[in-house]
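Trainee: I should be grateful for a close look at one part of this structure, followed by an account of what surrounds it. Please begin with the place where a charge and a ring come together.

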Amino acid sequence: MSGLLIRPRIRPRVAVVLVYTAAMCMNGLDSTIVNPALYTIAGDFGRPLSAANTVETAFLVALAVGLPVAGWLGDRFGTKRVFLGSLTAFTVASAVCGLAPDLNTLVVARAVQGLAGGLLTPVGMTLLFRAFPPHERMKLAKVLIVPTALMPALGPPLGGLLTEHLSWHWLFFVNVPIGTAAVLLGVFGLREHVEGPEGKFDVLGFWLATPALGLLTYALGFGPSQGWTRPAVAVSAALGAVLLVAAVLHQVRAKTPLLRLRLLADRVYGSASALAGVTAAGLMGVLFVFPLLYQASLGASALDAGLSVFPEAVGLMLASQVVDRLLPKLGPRLLTVPALLVAAAVFATLAIPGVAENAWSVRGLMFLIGLVLGTAVLTVQISGFESIGPADMGQAMGLFQIVRTLGGALGIAACAAVIGGGHVTEAAADPGPYRTAVWVTAALVAAGALIALRLPREAPQPPPFDDEEEAPGEGLAADEARAVKG
């Protein structure tokens, strides 16, 4: 009779790809899908729009809070356990958001979503990168680009569509079947990996780094629209900066730090992390400021302005094909440096008077931004972890995501400061400040080209093997033959 009990046989690496993609698509979509529905949510609950904005505030701040501890949790309790636990929490919180009877319940559930999302991204990428050795990660370009490019770009139009034709509750209900299926697949298909961190949990580092990132994310996210002198924003910015400096000093000196900042001393990984921050600042900055320039130049609606940047996501999708084909031939440095220089030139072209007035020129340039900058970003993300061993992968991935998240927030804040503080949501008659802000993003991307000179010349190569080792092409078959752990 025992022979009739058949346990699902799922290739571990196939399961990693499917579960990671599903989880990251949910996370990426939820970062932008709620924005078009905030007016409707405020109206349904009889609350002002400023109160409804806390729905997004809670998500973004909680997401930042989850990042510092993600690497330690994955190493201590196992990447499979932490990832599936976070995915389950994200899915349950999505259902609670959809069923929320009042705004307070929605905000709390949204914060749980953000906290789970902050754990999902670094732990999920750790699972993915541990499953594929460096020379095979070039194949992951098509996997990494979907949640990072297409889903956030689809968020606003999908959110508007669901809100108008169904209800805002469905913005959250769509996660439930996807998340449930991904959790079930992960239970049977993922392998457990417990690294076992050395020493005790860094309590002081936790209480310094976690509130620092939360406070800075709040200040950078809401300072531009609410004004930097508003007490809540000013105090958050000042206290967050002080805590961040204290956290860095502590992490460098601690024997078992929460965040291994010394990993940044590695030439390849340190350069890749710096590039992640700079390119995120440039990309998020231009995606923030250009719709405002588009409205100022053409008098276009907010929806038209949002759709004007959508070709960028299409270009990013094609960038995965470029990286897959050219990275093995050209290597990280030769592929990244020219891509960043071209991207900076395209950014600068958007700031030239007369360009923003031509809708088709805008679409073409946005497509190019996605193609060339996406090529650079994907190359950095794939090749930057070549020198990081499995034992440090969880910590390195968490640190990488922190740098990228703060870089994006700083890029938006810098553009908002150039535009003029608290009036960034109003399209002014003079597009000059908006063009200046676009020039700032071009300079950021161009600076990234200098950092990219530190990347390796050669793409990761497969290790030599002998008769006793696994030959190329047998990885998935070998995975299927092994028993699934955990």
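**A charge over a ring, and its surroundings**

Mentor: In this predicted model, the ring of Trp360 has the charged end of Arg363 sitting over it, 4.5 Å from the ring centre.

Rings also meet one another here, and the count of aromatic pairs comes to two. In one of them, the ring centres of Trp170 and Phe173 are 5.5 Å apart and the planes stand at 80°; the pair is therefore edge-to-face, since planes over 60 degrees apart count as such. Both residues belong to helix α8 (residues 170-173), where they are three residues apart, about one turn of the helix. Trp170 has a relative accessible area of 40% and is thus partly exposed. Phe173 is also partly exposed, at 22%, because buried would require under 20%. Phe206 and Trp207 likewise form an edge-to-face pair, with 5.2 Å from centre to centre and 80° between the planes. Trp207 is exposed, its relative accessible area being 57%.

Let us turn next to a loop residue. Ile388 is placed in the loop between α16 (359-383) and α17 (390-419). Is Ile388 buried or exposed? Its relative accessibility is 7%, so Ile388 counts as buried, the limit being under 20%. Leaving aside residues up to four places away in sequence, Ile388 touches Leu263, Tyr269, Met393 and Ala396. Ile388 also shows how the fold joins separate parts of the sequence: Asp266 is 122 residues from Ile388 along the sequence, yet their C-alpha atoms are 8.8 Å apart in space.

The interior may be considered next. The largest nonpolar core has 94 residues, and those with the most contacts inside it are Phe83, Leu87, Phe290 and Phe385. Helix α12 (residues 267-298) contributes the largest share of this core, namely eleven residues. Another core lies apart from it and has 16 residues, including Leu29, Ile41, Cys97 and Phe172.

Finally, consider a single helix along its length. Helix α15 (residues 332-350) has 19 residues. From its first C-alpha to its last, α15 reaches 27 Å, which is close to the 27 Å expected at 1.5 Å a residue. Several residues of α15 are buried, among them Pro332, Leu335, Thr336, Val337, Phe347 and Leu350.

Definitions and conventions. Residues are numbered from 1 along each chain as its sequence is written. This is a predicted model: local features need pLDDT of at least 70, side-chain atom pairs count only at pLDDT 80 or more; totals for chains, interfaces and linings use all residues. Side-chain values use heavy atoms; hydrogens and water are left out. A nonpolar core is a set of buried Ala, Val, Leu, Ile, Met, Phe, Trp, Tyr and Cys residues joined through side-chain atoms within 4.5 Å. Buried means under 20% relative accessible area, exposed over 50%, partly exposed in between (1.4 Å probe, protein chains only). Helices (H or I, at least four residues) and strands (E, at least two) are DSSP runs, numbered from the N terminus. Contact means heavy atoms within 4.5 Å. Rings of Phe, Tyr and Trp (its six-membered ring) pair if their centres lie within 6.5 Å; planes under 30 degrees apart count as stacked, over 60 as edge-to-face and the rest as tilted. A charge sits over a ring if NZ of Lys or CZ of Arg is within 6 Å of the ring centre and within 35 degrees of the ring normal. The expected span of a helix is 1.5 Å times one less than its number of residues.
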